[in-house]
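Trainee: Could you take me through one part of this protein up close? I'd like to see how a strand sits among its surroundings.

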Amino acid sequence: MQTSARSGAGTNQEAVRRHNLGTLLGHVHLLGRVSRSDLTSAMGLNRSTIAGLVTELQGLGLAEQVRSEAVRSSAGRPSPDVVPTQDGAHVLAVDVRVDGLTVARVGLGGAILARATGPIPASRDPHAVADAVMAMLRLVVRDAPPGSALVGVGMAVPGVVRRSDGLVRLAPNLGWRDVPFSAIMSDRLGGIAPVELGNDADLGAFSEHLRGAGVDVADLVYLSGEVGVGAGVIVDGHRLVGAGGYAGEIGHMSLDPAGRECHCGNRGCWETQVGAHAIAEAIGCPPDRVGSLGEMLDGLQEVDDDLREVGRLLGRGLANAVNLLNPRVVVLGGFLRSLYPHVQDEVDRTLHDTALVAPRELVRIELPGLGADAVLVGAAETAFERLLADPVTCLAAAQVDVESALSVA
Ligand SMILES: [Zn+2]
């Protein structure tokens, strides 16, 4: 933690205490229910400090203490459990996909309390998309308990997002180029909460690392297989962002110079081989029904050569990713979640034959632990980060009457 040379010991202590308060809330948020003694060991602080921090979180309305469910193993009462107060604070999460929109209100502790899904406006015009998102957000805040603080809005888009200001540099499958979508949404929201905008695959990796198939996995790749294909990467427990926030555009690996034209302007990108349109073509799904590709794959009875070839191309690209990044786990998200069970042999065999032995021996392929919600949950988790960094300051600035604020926004 950095402090300025001029800040006194008192300021420093206060900063440390707030940091500890946020860290403790982070444990409660992720674990859902945790004993005070486990918090003591996890944070390396003494029991009375932990008890004081828990009391402070209770005072802020963010946590509660409940009787322990642990079996008494020795003399004395087990320490109480700490649980998040679901109504204490919430975030709004938005997943913008080429084939539809999903929004949710997510409570502290990570539970999805309300959700709405809908079509994306046919024009894909950013302002029309923002209007559609706003209409859905008004639906999910309708039942928010009075007094529950809105602490952030997290949004996922299938595109290359500049980390510094949420400018969407390129979302080829939405037809967006240099769209200030974060600013557009902040404006629509009337500034009632900070907006965090990120790339869909990055957010999928983040949530799977925190709550899904990659918990306790320090090196993970989440592959988002939608109309576009992208990767979110966790390296040594940290999110790989790159110099501008653009790392992970694996779908635009150029694999076939004579291949199909990609929406990015190049030719033969990996996503032209294994993206939703390639899968749809292989199973005879019309291009205008790509949104229901997941259900079609789930109900698929027979696998033909065209789909097996998509499986082999998926394995080949995965081998490149495995050689480059040496992940422990690769999570197949989006439509790849429904594709993989049909072509597992082709994917695994091609990966086995193409990747270098050393990194290949260490990797396992997994489906998302959070199912279809990985990206949405990741968007929610980024919106919670501010609260978990400093609960006191964040709550003081948060909006509590969200429904009325949004109805005029
Ligand atoms: Zn491309």
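Mentor: Let's take strand β4 and then work outwards from there.

First, the ground rules. This is a predicted model, where local features need pLDDT of at least 70, side-chain atom pairs count only at pLDDT 80 or more, and totals for chains, interfaces and linings use all residues. Residues are numbered from 1 along each chain as its sequence is written.

pLDDT is the predictor's confidence in each residue, from 0 to 100. Its mean over the protein is 93, and 95% of the residues reach 70 or more. Over residues 1–5 it is below 50, and that stretch has five contacts in the model beyond near neighbours in sequence. A contact here is two residues whose C-beta atoms, placed from the backbone, lie within 7 Å.

Now to β4, which covers residues 89–97. Strands are DSSP runs of E with at least two residues, helices are runs of H or I with at least four, and both are numbered from the N terminus. Nine of the nine residues in β4 are buried. Buried means that 20 or more other C-beta atoms lie within 10 Å of a residue's own; exposed means 12 or fewer, partly exposed is in between, and the C-beta atoms are placed from the backbone. Neither face of β4 is left open: A89, V91, A93, D95 and R97 are buried on one side, and H90, L92, V94 and V96 on the other.

What does β4 pair with? Two strands pair if DSSP finds at least two bridges between them. With β5 (residues 100–107), β4 pairs in the antiparallel sense over eight bridges. A hairpin of two residues links β4 to β5, and R97 stands opposite G100 in β5. With β7 (residues 149–157), β4 runs parallel, joined by seven bridges; there V94 stands opposite M155. As background, strands of a sheet pair through backbone hydrogen bonds, either parallel or antiparallel.

A93 deserves a stop of its own. Leaving aside neighbours within four places in sequence, its contacts are V103, A104, V106, G154, L376, A379, A380 and A383. A93 also belongs to the largest nonpolar core, which has 117 residues, and together with V151 it touches the most other members. The biggest contribution to this core comes from helix α13 (residues 374–389), with ten residues. By a nonpolar core I mean a set of buried Ala, Val, Leu, Ile, Met, Phe, Trp, Tyr and Cys residues joined through C-beta atoms within 7 Å. In soluble globular proteins, nonpolar side chains tend to be buried together.

For the wider setting, the protein is divided into domain 1 (9–66 + 78–84), domain 2 (89–202 + 373–408) and domain 3 (215–368). Those bounds come from an automatic or database domain assignment. The C-alpha centres of domain 1 and domain 3 lie 40 Å apart.

For contrast with β4, look at the open three-stranded sheet with the order β8-β9-β10 and antiparallel pairing. Its edge strands are β8 (160–161) and β10 (176–179); each has a single partner strand, so one side of each lacks a neighbour in the sheet. Strand β9 (residues 168–171) is joined to β10 by three bridges, with L170 and R177 as bridge partners.
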